[in-house]
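I opened a notebook for this structure and wrote down each thing as I looked it up. The entries are short.

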Amino acid sequence: TIRTTDAQRIRDLVETGEEVKVKMEWIIPQQQKPSVVLYTSAGTDPEDSNSFLEPSFFNSTLPLLLPHLDALDIRFEVLDGLYVCEDHNAAANCHKSDFTFVNCTTAENGTNASLCAESCTNHGRYCFGDVDPGTQFDGAAVVKESARQRCTWDSVKSSKEKWSLWFSIAADIRRQCASADLSKLCSLQVHQAYSGVDFSDDTHDCVYNAGEYSSARNEVLEGQRTSFDVLVFHEGVTRMPAMKVNNKIVPFSLSLGMIISGFCAGLRDQ
């Protein structure tokens with residue numbers, strides 16, 4: 001809060017042409033450290049500037065937030081294969097009643113086999129249909145990369161000091177792979193550029209032990225799987241990326257001020 005007398009002094013100096021520096025400080029009540037969940041997609045358009053994988057967020061804003069967080073988690077957009085939008089190019093609107101859904105878990109030999117093979121893994125159980133036009137990969141590739149990134153996150157999430165490492169890796173995958181080849185090889189090459197994570201132990205073995213992509217279930221993806229209805233109407237996520245503060249969905253923004261406002265909105269409801 002700036003007092004009236006101080007504000008007037010600042011105004012007078014500005015009007016005379018003087019340079020004025022104002023230092024602002026903020027604090028989150030320590031007895032109410034928020035838990036934050038960030039919702040994302042492994043197939044995020046690298047040209048989308050409103051992403052928490054932008055360096056301006058995880059290099060500048062995130063370090064300021066870390067001391068004030070009780071917990072942080074990353075949720076990936078992995079859709080339940082029971083409800084795959086038939087028009088997967090319009091997947092953002094699939095929660096509306098006038099769209100037809102396909103059950104990809106029973107479509108291996110049916111008329112929707114091609115759609116489901118392009119969009120899903122694990123016999124149609126885990127899907128992603130909202131792939132940006134012009135990309136060189138399909139929804140199934142996004143699901144696989146979601147599993148890899150979730151495994152990498154699971155390997156570092158217990159240490160706040162390593163959180164920024166995951167953001168750096170995910171940002172490079174977005175920049176180098178999501179614009180061309182969202183493959184295991186591209187993901188491996190990005191991981192190998194960083195110390196602190198082991199792609200073989202932390203990522204590949206995690207995916208393999210969870211059930212990989214050809215089994216009936218993958219336990220890593222199972223933890224991310226949701227439907228449009230649950231995502232939109234129950235969890236309140238209507239667009240990616242999204243941020244949940246203490247179970248309250250708040251608008252995501254790269255602006256530190258907007259993020260702090262979101263934190264405060266989440267804390268007020270506690």
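**Entry 1: terms and overview**

I began with the terms. Helices (H or I, at least four residues) and strands (E, at least two) are DSSP runs, numbered from the N terminus. I also noted that the model is predicted.

With those terms, I looked up H123. H123 lies in the loop between β6 and β7.

Then I stepped back to the whole protein. I found 10 helices and 10 strands. The protein has 270 residues, and buried residues make up 46% of them. About 14,100 Å² is exposed, and carbon and sulfur atoms supply 48% of that area. I looked at contacts between residues at least 6 apart in sequence: 65% of these join residues at least 24 apart.

**Entry 2: the sheet beside H123**

I asked in what order the strands of the open sheet run. The order is β6-β7-β3-β8. These four strands have mixed pairing. β6 (120-121) and β8 (225-226) stand at the edges. Each has a single partner strand, so one side of each is left without a neighbour in the sheet.

I then checked the pair that flanks the H123 loop. β6 pairs with β7 (residues 126-127) in the antiparallel sense, over two bridges. I picked out one bridge: T121 has Y126 in β7 as its partner.

Back to H123 itself. Its phi is positive, about 60 degrees, although H123 is not a glycine. I wrote a reminder here: most residues other than glycine have a negative phi. H123 is partly exposed because its relative accessible area is 43%.

**Entry 3: another positive phi**

I looked up E212 next. E212 is not a glycine either, and its phi is positive, near 50 degrees. E212 sits in the loop between α7 (199-210) and α8 (219-222). Its relative accessibility is 30%, so E212 counts as partly exposed.

**Entry 4: strand β9 and its partners**

Which residues of β9 (residues 242-245) are buried, and on which side? A242 and K244 are buried on one side. M243 and V245 are buried on the other. Both faces of β9 are therefore covered. I noted the general pattern too: in a regular strand the side chains alternate between the two faces of the sheet.

I followed the pairing outward from β9. Strand β1 (residues 35-40) pairs with β9 in the antiparallel sense over four bridges. In one of these, L38 is matched with M243 of β9. Strand β10 (residues 248-250) also pairs with β9 in the antiparallel sense, over three bridges. There, K244 has I249 of β10 as its bridge partner.

β9 and β10 make a hairpin, with two residues between them. N246 is in the turn, and its phi is positive, about 50 degrees.

**Entry 5: helix α2**

I went through α2 (residues 55-65) for buried positions. I found F57, F58, T61, L62 and L65. Where do the buried residues fall when α2 is seen down its axis? They fall within an arc of 120 degrees, so they line one face of the helix. The general reason for such spacing is simple: an α-helix has 3.6 residues a turn, so residues three or four places apart point the same way.

**Entry 6: Y83, N103 and a nonpolar patch**

I turned to the surface. L82, Y83 and F101 make a nonpolar patch of about 260 Å². Y83 is in the loop between β3 (78-80) and β4 (84-85). Y83 counts as partly exposed because its relative accessibility is 42%.

I then looked up N103, in the loop between β5 (101-102) and α3 (113-119). N103 and Y83 are 20 residues apart along the chain, yet their C-alpha atoms are separated by 5.6 Å. Leaving aside residues up to four places away in sequence, N103 touches G81 and L82. L82 also belongs to the patch. N103 is partly exposed, with a relative accessible area of 29%.

**Entry 7: S183**

Is S183 buried or exposed? S183 is buried: its relative accessible area is 17%, and the cut-off for buried is under 20%. S183 is in the loop between α5 (163-176) and α6 (184-191). I checked its contacts, not counting residues up to four places away in sequence. S183 touches E145 and R148.

Technical notes. Residues are numbered from 1 along each chain as its sequence is written. This is a predicted model: local features need pLDDT of at least 70, side-chain atom pairs count only at pLDDT 80 or more; totals for chains, interfaces and linings use all residues. Side-chain values use heavy atoms; hydrogens and water are left out. Patches are made of residues with over 30% relative accessible area and no salt bridge: like charges are joined within 9 Å, nonpolar side chains (Val, Leu, Ile, Met, Phe, Trp, Tyr) within 5 Å. Accessible areas come from the Shrake-Rupley method with a 1.4 Å probe; for residues, only the protein chains shown count as cover. A salt bridge is a side-chain nitrogen of Lys or Arg within 4 Å of a carboxyl oxygen of Asp or Glu. Buried means under 20% relative accessible area, exposed over 50%, partly exposed in between (1.4 Å probe, protein chains only). Two strands pair if DSSP finds at least two bridges between them. Contact means heavy atoms within 4.5 Å. The arc is that of the directions from the helix axis to the C-beta atoms.
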